[in-house]
Amino acid sequence: MKPVSLIQFLIEERRAGHINTELSLLIEVVARACKRIGVATGKGALGGVLGAAGTDNVQGEAQKKLDVISNEILLEANAWGGHLAACASEEMEDPQPIPDMYPKGQHLLLFDPLDGSSNIDVNISVGTIFSVLRCPDDVTEPKAEHFLQPGTTQLAAGYVVYGPSTLLVLTFGHGTHEFTLDREIGSFTLSRRDIRIPEQTGEFAINMSNQRHWEAPMQRYIGELLAGNDGPRGRDFNMRWVASMVADVHRIVTRGGVFFYPLDAKIKSKGGKLRLMYEANPMAFIVEQAGGAATTGRERIMEVQPTGLHQRVPVFLGSSQEVEQATRYHREADNAQG
Ligand code: AFP
């Protein structure tokens, strides 16, 4: 098969009427910025980019040097790109307007510039996650409220995983597709079109160290997986946890599986651990477009009406049979409590 570059693929999507020119050019800018982030993360200690930045982000988390570097690379690339009205990041409290000296576009971009950054110093895969929304027509200076659109309104979503190879996984709502960075020519090339996540799986991902803090339906569901062949599920399940959402989700997009970051007593007051706008929504769009499912344990993630730019939600995503079973246990428990 003749290799298909990302640029060719974007032109095909435009010709198919799935995206407009501005959106395809925006994705090119984001992909190019992620190539630069890949180079920076790849340098590691030799580039002096490991370790803490000495600052905290809006969530009160200690920032890694590469969190700050990746954020700046994405802001800079998208500022002059001319396809955005504004962007928002995990690393910034408020949306970043496009400087007046640059042309503005009709899109809003949200991103987690370096997800899993607590793993960067131990050389485990990390990634960039992004989501694209339309800027409301009558808005010239977007504020946080203009980003608060449910996941169903996303025009595009994607992640780049910086691992042994650098991969871009992307959806515009017409399937989910994977591109591998050809480091010799420096361009992303289509490596899998129309990815399908198997409905059934024998592999789950969750931070087991939080078990005692989970709600009863989560205890029940995971308890049954751990009981395996000797329990009501009648088959064994294996566990994986990288603690980089991008890496855990990419494993599921590649061979199936189910990922959970449920509500627990420790994070209940925050509403969850993972952020809705630039982690849960884009991953839900990608997974659903690959035939999987994504809920908060109670409702479809992409139907959650956002109330805050950095809002957190519980996340259940992956192979549909397991997401539906775990969600059913939570709904049954809620109904039983009346
Ligand atoms: P960092 O970006 O701070 O490393 O957090 C990573 C993350 O947001 C997500 O990528 C992981 O799935 C999750 O947190 C890991 O959480 P635990 O540290 O509780 O395992």
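## Exercises on a predicted structure

At a relative accessibility of 45%, D194 counts as partly exposed. This value, like the others below, comes from a predicted model.

### Exercise 1. Two residues with an unusual backbone angle

Task: Determine where D194 lies and what sign its phi angle has; then do likewise for A243.

Solution.
- Step 1. D194 is placed in the loop between β10 and β11.
- Step 2. Its phi is positive, about 50°, although D194 is not a glycine.
- Step 3. A243 belongs to the loop between β12 and α6.
- Step 4. The phi of A243 is also positive, at about 70°, and A243 is not a glycine either.
- Step 5. Most residues other than glycine have a negative phi.
- Step 6. To classify A243, take its relative accessible area of 40%. Partly exposed covers the range between the 20% and 50% limits, so A243 is partly exposed.

### Exercise 2. The surroundings of T201 and E322

Task: Establish whether T201 is buried or exposed, and trace its contacts to E322 and R235.

Solution.
- Step 1. T201 sits in the loop between β10 (187-192) and β11 (203-205).
- Step 2. Its relative accessible area is 8%. Buried means under 20%, and T201 is therefore buried.
- Step 3. Its side chain reaches the backbone nitrogen of E203 at 3.1 Å.
- Step 4. Beyond four places in sequence, T201 touches several residues, among them R235, F237, V258 and E322.
- Step 5. E322 is part of helix α8 (residues 320-337), and with 1% relative accessibility it counts as buried.
- Step 6. The side chains of E322 and R235 are joined by a polar contact of 3.5 Å.
- Step 7. The contacts of E322, again leaving out residues up to four places away, include T201, R235, F237 and V258. E199, Y221, L225 and R233 are touched by E322 as well.

### Exercise 3. The packing of α6 and α7

Task: Describe how helix α6 is oriented relative to helix α7, and which residues make the contact.

Solution.
- Step 1. The axes of α6 (residues 245-255) and α7 (residues 276-289) come within 11 Å and cross at roughly 10°.
- Step 2. Angles under 35 degrees count as roughly parallel, so α6 is roughly parallel to α7.
- Step 3. From α6, the contact involves M245, V246, V249 and V253; from α7, it involves E279, M283, I286 and V287.
- Step 4. Sorted by character, the residues of this contact are 7 nonpolar, no polar and 1 charged.

### Exercise 4. The ligand site

Task: State which residues come nearest to the ligand, and which atoms of S118 and W241 face its oxygen atoms.

Solution.
- Step 1. There are 15 residues around the ligand, and D115, S118, W241, M245 and Y261 come nearest.
- Step 2. A polar side-chain atom of S118 is 2.7 Å from an oxygen atom of the ligand.
- Step 3. For W241, an N or O atom in the side chain lies 3.0 Å from an oxygen atom of the ligand.
- Step 4. The backbone also takes part: a polar backbone atom of G116 is 3.0 Å from an oxygen atom of the ligand.

### Exercise 5. A glycine in a loop

Task: Locate G234 and classify its exposure.

Solution.
- Step 1. G234 is found in the loop between α5 (216-227) and β12 (238-239).
- Step 2. Its relative accessibility is 41%, so G234 is partly exposed.
- Step 3. Apart from neighbours within four places in sequence, G234 is in contact with G228 and N229.
- Step 4. The C-alpha atoms of G234 and E224 are separated by 9.1 Å, these residues being 10 residues apart along the chain.

Definitions and conventions. Residues are numbered from 1 along each chain as its sequence is written. This is a predicted model: local features need pLDDT of at least 70, side-chain atom pairs count only at pLDDT 80 or more; totals for chains, interfaces and linings use all residues. Side-chain values use heavy atoms; hydrogens and water are left out. Helices (H or I, at least four residues) and strands (E, at least two) are DSSP runs, numbered from the N terminus. Buried means under 20% relative accessible area, exposed over 50%, partly exposed in between (1.4 Å probe, protein chains only). A polar contact is a pair of N or O atoms within 3.5 Å; within protein, one must be able to donate a hydrogen and the other to accept it, and residues adjacent in sequence count only if both atoms are side-chain atoms. Contact means heavy atoms within 4.5 Å. Axes are lines fitted to C-alpha atoms, for helices over the stretch in contact, and angles run from 0 to 180 degrees between N-to-C directions. Angles under 35 degrees count as roughly parallel, over 145 as roughly antiparallel, 65 to 115 as roughly perpendicular and the rest as oblique. Ala, Val, Leu, Ile, Met, Phe, Trp, Tyr, Cys and Pro count as nonpolar, Asp, Glu, Lys and Arg as charged, and the others, Gly among them, as polar. A residue is near a molecule or strand if one of its heavy atoms lies within 4 Å of it.
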